[in-house]
Amino acid sequence: MDMNAFRLDGKVALVTGASYGIGFAIASAMGQMGAKIVFNDRKPELIEKGVAAYKELGIEAHGYICDVTDEPAVQEMIAKIEQDVGTVDILVNNAGIIKRIPMVEMSAADFRQVIDIDLNGPFIMAKAVIPGMMKKGGGKIINICSMMSELGRETVSAYAAAKGGLKMLTKNIASEYGQYNIQCNGIGPGYIATPQTAPLREIQPDGSRHPFDQFILAKTPANRWGEAADLAGPAVFLASSASDFVNGHILYVDGGILAYIGKQP
Ligand code: NAP
Ligand code: GCO
């Protein structure tokens, strides 16, 4: 096997919401494997912060201000990326939010916002890059799914509905565009220590770990939270030609949570 199959030299990789967190870790790894890195965020200050952070790693990233739910703005951004950098070869739909509210207390507006960003956004982004990938002879789309693509829990109804839908959108893009040498797969991270999960790991007033933190440790065979860096290798694999015959698959990177009944209390 040619081990260069895992390289991304000369590829244009667009990672949404990648100023920090999981997106930043994935984009940095792709940059270290030779890809040209492009990312977007909603806030100008985040673009500046992201470009500086990539530069510290020796990566000249291209940052664009764009909300993934705004289709005209997304179409404009993709056209600009094609002019500035080149056709997008790899799209990572990473941008996402969560609102933790008991369902019967959740407003329809809040539910809609989570669905809009976590499910409609990936649709809008994929729809914008697929024509260029078809013209170029192929491409890679990686959707960042979740444990909640498979499991539910209290207070995350909108997020689970969105991430469950994202799993099926992944399978459908794979089904509809595989014939154009476009592979669409998902990554399902377990519980990862990022700003999104910080409230679940807060040290309690008595100095003890958050009850949810302790719960996740008991549910994870690896007995630890994941780090964003744990997702880098799986993402590089799915972005590379080493995975050209992998399509419509959700790769769970969860330390074993989905396989495990949980440690006896
Ligand atoms: P995060 O720290 O909250 O980062 C999310 C990123 O997305 C931020 O840069 C955010 O920018 C951006 N974003 C949000 N809405 C956007 C929009 N409409 N348009 C463009 N950018 C937008 O989250 P994370 O923990 O890194 O998670 C990244 C992805 O992994 C998400 O899809 C999340 O659901 C998924 N995930 C996370 C975990 C975990 O345990 N952390 C596990 C499984 C899956 P702003 O600052 O502007 O909001
Ligand atoms: C939650 C967490 C999870 C993680 C992740 C797990 O409140 O349960 O935020 O949803 O973010 O999606 O895979």
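This report walks through the two ligands and the aromatic rings of the structure above. The model is a predicted one, and every value below is computed from it.

**Ligand 1**

Let us begin with ligand 1, which sits in the largest pocket. It has 29 residues around it, and the nearest of them are Asp41, Arg42, Asn94, Tyr159 and Thr194. Asn94 also makes a polar contact through its backbone, with an N or O atom 2.7 Å from an oxygen atom of the ligand. Gly17 uses its backbone too, at 3.3 Å from an oxygen atom of ligand 1. Asp67 takes part with its side chain instead, where an N or O atom is 3.0 Å from a nitrogen atom of ligand 1. Taken alone, ligand 1 exposes 900 Å², and the protein buries 94% of that area.

**Ligand 2**

Ligand 2 also sits in the largest pocket. Around ligand 2 there are 14 residues, with Arg100, Ser146, Arg153, Tyr159 and Tyr191 as the closest. Tyr159 may look familiar, since it is also among the residues that come nearest to ligand 1. Three polar contacts of ligand 2 are set out here.

| Residue | Part of the residue | Atom of ligand 2 | Distance |
|---|---|---|---|
| Arg100 | polar side-chain atom | oxygen | 2.6 Å |
| Met147 | backbone N or O atom | oxygen | 2.8 Å |
| Pro189 | backbone N or O atom | oxygen | 2.8 Å |

On its own, ligand 2 exposes 330 Å², of which the protein buries 96%.

**Aromatic rings**

Now for the rings. How many aromatic pairs does the structure have? The count comes to 7. One of them joins Tyr177 and Tyr180, whose ring centres are 6.0 Å apart, with 35° between the planes. Why is this pair called tilted? Its angle of 35° lies between the limits of under 30 degrees for stacked and over 60 for edge-to-face, so the pair counts as tilted.

Are Tyr177 and Tyr180 buried or exposed? Neither word fits, because partly exposed covers the range between 20% and 50% relative accessible area. Tyr177 has 21% relative accessibility and so counts as partly exposed. Tyr180, at 33%, is therefore partly exposed as well.

Elsewhere, Tyr191, Phe212, Phe215 and Trp225 form one aromatic cluster. Tyr191 links this part of the picture to ligand 2, as it is one of the closest residues to that ligand. Trp225 has a further partner in Arg201, which lies over the face of the Trp225 ring at 5.4 Å from the ring centre.

Note on methods
Residues numbered from 1 in each chain as written. Chains lettered and ligands numbered in written order. Predicted model: local features only at pLDDT ≥ 70, side-chain atom pairs only at ≥ 80, totals over all residues. Heavy atoms only, no water. Phe/Tyr/Trp six-rings, centres within 6.5 Å; stacked < 30°, edge-to-face > 60°. Buried < 20%, exposed > 50% of the residue type's maximum accessible area, 1.4 Å probe, protein only. Lys NZ or Arg CZ within 6 Å of the ring centre and 35° of its normal. Near = heavy atom within 4 Å. Polar contact = N/O pair within 3.5 Å; in protein donor to acceptor, adjacent residues only side chain to side chain. Areas by Shrake-Rupley, 256 points an atom, 1.4 Å probe, with all protein chains shown as cover. 1 Å grid on protein atoms, 1.4 Å probe; cavity = no way out; pocket = protein on both sides within 12 Å on 5 of 7 lines; lining within 4 Å. Sits in = over half its atoms within 2 Å of the grid points.
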